[in-house]
Amino acid sequence: KNLRSESDIGVFGPEAPPSVYFIGKLLWSKGIGSLMELVKYAEESAGLVVDVDMYGGGPDAEEAEAKSQKMDLDMKFLGSIDHASLAHSHKIFINPSTSEVLCTTVAEALAMGKFVIVPSHPSNDFFAQFPNCLPYTSKEEFVAMLYYALTHSPEPLTDEYLRALSWEAATERFEAAGSVSVAEAKALSSILSAPEAGVEISLPPLIEDERRRKRVTKTLKKTRLRFRQFRSRLSQEIQDSNVLPTDVQYRVVNELDKKLNLDLDTVLASPKLRLKLSAAELDKQLLELYNKVSQGSSGDVLRVVGGGTDVGKQNLYVKQQARRGGSERHRKNVFEPREVYQEEDGAAGLVRLTLAQQKGGSNGRKGGMDMSLCITHRPSLGIRVPSHFARPLATKLK
């Protein structure tokens with residue numbers, strides 16, 4: 001910030017009256033209680049009496065104001081405000097919070113050319129490079145930083161520092177942090193695809209009750225001891241005998257001498273499942289399984305069961321319609337018999353129309369239409385065909 005105007009020099013100069021502020025959400029978790037204690041310590045230990053303008057709102061605002069009055073601090077709670085409107089009104093911004101990832105108000109205050117007093121914390125490491133950032137690690141250092149800020153002018157920001165606070169520079173830092181070199185990518189791929197690579201999954205305790213778990217482990221330990229003694233005796237007897245061939249005897253004895261060293265208490269209290277698959281291979285197989293199931297015939301049913309009722313039913317309907325359309329195209333001109341039932345004037349009327357395309361008729365033709373029509377009573381149409389006439393009519397239509 002270039003101090004060009006007299007008003008700016010009056011605020012940011014070394015002889016300027018103290019102008020300190022905090023802006024942010026008024027929560028105890030944001031460190032406003034720590035701010036009060038630090039300001040009180042500076043007053044009592046070094047005689048640095050400063051007025052602090054508190055900007056912002058939050059659920060702890062009323063309690064914070066009451067506490068500041070109880071501590072006899074000159075803190076004015078002024079509500080929410082646009083930070084940009086404070087560009088020419090305050091020289092020192094104090095932000096005691098350690099719950100941020102990267103505090104935007106600190107970046108804004110530095111861009112305005114103000115002194116910024118913050119705790120020495122990983123979330124503030126980026127700001128420590130700026131000459132106007134004054135980090136502290138103790139109450140004594142806070143007092144020293146406050147005194148320095150009160151008696152000095154902030155340094156003008158160079159173009160380099162101004163660019164470091166821009167979105168372009170922030171994007172470049174983000175890309176650099178997320179980038180992986182070719183060598184690192186190859187090394188990671190080699191590790192994940194190695195035969196010994198695997199995934200370990202923590203499972204819930206097999207036995208919750210500690211007393212019951214101890215009884216179970218005690219019994220299992222006795223059983224394992226007896227079994228090991230049996231295997232040891234059997235191994236010794238096999239070595240002393242000459243019944244088995246030498247190579248077979250060696251293999252059997254070698255297997256009997258093997259021991260499975262397990263901590264039964266750990267297994268029962270916090271069991272772990274180890275999959276002999278790399279994380280990448282496991283992800284690949286799970287994705288293939290998901291695609292196979294979700295895109296298969298049962299995928300829509302699973303979506304319905306899983307809660308996606310509307311999507312599942314819509315997909316199922318579309319697929320049914322597509323299958324039905326394809327089936328009708330394959331049938332071409334072949335029509336199946338259909339029956340229509342109607343009930344009129346208390347009498348039942350039945351119309352059965354059969355149209356069948358045959359690929360070889362009784363007359364030797366390769367194709368032809370065999371049509372038969374059987375009509376019974378149709379009162380609504382005024383048709384009353386005697387039953388003895390229905391058969392001759394069908395014969396003539398053939």
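## A look around a predicted 398-residue chain

Of the 398 residues in the protein chain, 27% are buried. Keep in mind that this is a predicted model. Its secondary structure comes to 15 helices and eleven strands. Among contacts with a separation of 6 or more, 62% are between residues 24 or more positions apart. As for the outside, the accessible surface is about 27,300 Å², and carbon and sulfur atoms own 56% of that.

Let's start with the inside. In soluble globular proteins, nonpolar side chains tend to be buried together. Here the largest nonpolar core has 30 residues, and the ones with the most contacts inside it are Met 54, Met 75, Ile 92, Ile 117, Phe 142 and Leu 146. Helix 2 gives this core its largest share, six residues. There is also a second, separate core of 18 residues, which includes Ala 107, Ala 109, Val 116 and Ala 164.

Ile 92 is a handy place to see the packing. Leaving out residues up to four places away in sequence, Ile 92 touches Ser 19, Val 20, Tyr 21, Phe 115, Ile 117, Leu 146, Ala 149 and Leu 150.

Move along to Phe 93, which sits in strand 4. Phe 93 counts as buried because its relative accessible area is 0%, and buried means under 20%. Which residues surround it? Once neighbours within four places in sequence are set aside, Phe 93 is in contact with Tyr 21, Phe 22, Ile 23, Thr 105, Val 106, Ala 109, Phe 115, Val 116 and Ile 117. The C-alpha atoms of Phe 93 and Val 116 are separated by 4.9 Å, although the two are 23 residues apart along the chain.

Phe 93 also leads to a charged residue that is worth a look. Lys 114 lies 21 residues from Phe 93 in sequence, with 6.9 Å between their C-alpha atoms. Lys 114 belongs to the loop between helix 4 and strand 5 (115-119). Is this loop lysine buried or exposed? With 0% relative accessibility, Lys 114 is buried. Its contacts, not counting residues up to four places away in sequence, are Phe 12, Tyr 21, Leu 86, Ala 87, His 88, Ser 89, His 90, Lys 91, Ala 109, Asn 132 and Pro 154.

Now for the charge pairs. A search of the whole structure turns up five salt bridges, including these:

| Salt bridge | Closest N to O distance |
|---|---|
| Glu 100 and Lys 30 | 2.8 Å |
| Arg 163 and Glu 172 | 2.8 Å |
| Glu 210 and Lys 214 | 3.7 Å |

The salt bridge between Glu 100 and Lys 30 ties together distant parts of the chain, 70 residues apart: Glu 100 is in the loop between strand 4 (92-94) and helix 4 (104-111), and Lys 30 is in the loop between strand 1 (20-23) and helix 2 (32-46).

In the bridge between Arg 163 and Glu 172, Arg 163 is partly exposed at 42% relative accessible area, and Glu 172 is partly exposed too, at 41%. Helix 7 covers residues 167-178, and its end C-alpha atoms are 16 Å apart, in agreement with the 16 Å that twelve residues should span at 1.5 Å a residue. Just one of those twelve residues is buried, so helix 7 lies largely in the open.

The bridge between Glu 210 and Lys 214 is a local affair. Glu 210 and Lys 214 are separated by about one helical turn, because they are four residues apart in helix 9 (residues 210-240). An α-helix has 3.6 residues a turn, so residues three or four places apart point the same way. Glu 210 is partly exposed, with a relative accessible area of 46%.

Helix 9 itself has 31 residues and reaches 45 Å from its first C-alpha to its last, close to the 45 Å expected. Which of its residues are buried? They are Arg 213, Thr 217, Arg 231, Ser 235 and Ile 238. The buried residues of helix 9 pack against helix 10 (246-256) and helix 11.

Helix 11 (residues 264-269) holds Val 267, which brings us back to the surface. Val 267 is partly exposed, at 33% relative accessible area. Together with Leu 206, Leu 260 and Leu 262, Val 267 makes a nonpolar surface patch of about 380 Å².

Definitions and conventions: Residues numbered from 1 in each chain as written. Predicted model: local features only at pLDDT ≥ 70, side-chain atom pairs only at ≥ 80, totals over all residues. Heavy atoms only, no water. Patch = residues over 30% accessible without salt bridge, like charges linked within 9 Å, V, L, I, M, F, W, Y side chains within 5 Å. Areas by Shrake-Rupley, 256 points an atom, 1.4 Å probe, with all protein chains shown as cover. Salt bridge = Lys/Arg side-chain N within 4 Å of Asp/Glu carboxyl O. Helix = DSSP H or I, 4+ residues; strand = E, 2+ residues; numbered from the N terminus. Buried < 20%, exposed > 50% of the residue type's maximum accessible area, 1.4 Å probe, protein only. Expected span 1.5 Å × (residues − 1). Contact = heavy atoms within 4.5 Å. Core = buried A, V, L, I, M, F, W, Y, C linked by side-chain atoms within 4.5 Å.
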